[in-house]
Amino acid sequence: MFAQTFRFDSAQFQRVRSAFEPRKPRHRLLRFAIGLVGLGLLAVLVMFSVVLGAAMIVAGIVYKLWKGRGKAAARDPRIVEGEYRVVDRQVLEASRIRSQREAL
């Protein structure tokens, strides 16, 4: 292989590289104007993403409300659902005595 094969400072490579490396303008006002355009574009993209996110949240809430319509909204507030198990009286008395001893 030739030593010149993998050199990246050739004229051909410089032309390709310069196409993907834009240079900053030298004039101060032009640099400032391009910076303002960039900040404006950034602000527009941030606002767009915020509006899109809010629309997605609203769409999700509307979907849940639409899906749940027609169903019973609430039951009797006096009813509490739960699970229970029956415990022997001896176990209850033993735990009560144990908790009294721990309190002393």
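**Exercises on a predicted helical model**

In this predicted model, helix 2 has the highest confidence, at a mean of 95, while helix 1 (residues 11-20) has the lowest, at 72.

**Exercise 1.** Describe the secondary structure of the protein and its order.

*Solution.* Begin with the count: the protein holds three helices and zero strands. Then read from the N terminus on, which gives the order α-α-α.

**Exercise 2.** Determine how confident the prediction is for the protein as a whole.

*Solution.* Take the average: the mean pLDDT is 83. Next consider the share of residues that reach 70 or more, which is 86%. Where pLDDT is low, the predicted coordinates should not be read in detail.

**Exercise 3.** Classify Leu36 as buried, partly exposed or exposed, and place Leu36 in its element and surface patch.

*Solution.* First, locate the residue: Leu36 lies in helix 2, which spans residues 28-67. Second, apply the cut-offs: buried means under 20% relative accessible area and exposed means over 50%. Leu36 has a relative accessibility of 46% and therefore counts as partly exposed. Third, identify the patch: Leu36 joins Phe32, Leu39, Leu42, Val46 and Val50 in a nonpolar surface patch of about 590 Å².

**Exercise 4.** State what share of the protein's residues is buried, and characterise its accessible surface.

*Solution.* Of the 104 residues, 0% are buried. The accessible surface comes to about 11,200 Å². Carbon and sulfur atoms contribute 64% of that surface.

How values were computed: Residues are numbered from 1 along each chain as its sequence is written. This is a predicted model: local features need pLDDT of at least 70, side-chain atom pairs count only at pLDDT 80 or more; totals for chains, interfaces and linings use all residues. Side-chain values use heavy atoms; hydrogens and water are left out. Patches are made of residues with over 30% relative accessible area and no salt bridge: like charges are joined within 9 Å, nonpolar side chains (Val, Leu, Ile, Met, Phe, Trp, Tyr) within 5 Å. Accessible areas come from the Shrake-Rupley method with a 1.4 Å probe; for residues, only the protein chains shown count as cover. A salt bridge is a side-chain nitrogen of Lys or Arg within 4 Å of a carboxyl oxygen of Asp or Glu. Helices (H or I, at least four residues) and strands (E, at least two) are DSSP runs, numbered from the N terminus. Buried means under 20% relative accessible area, exposed over 50%, partly exposed in between (1.4 Å probe, protein chains only). pLDDT is the predictor's confidence in each residue, from 0 to 100.
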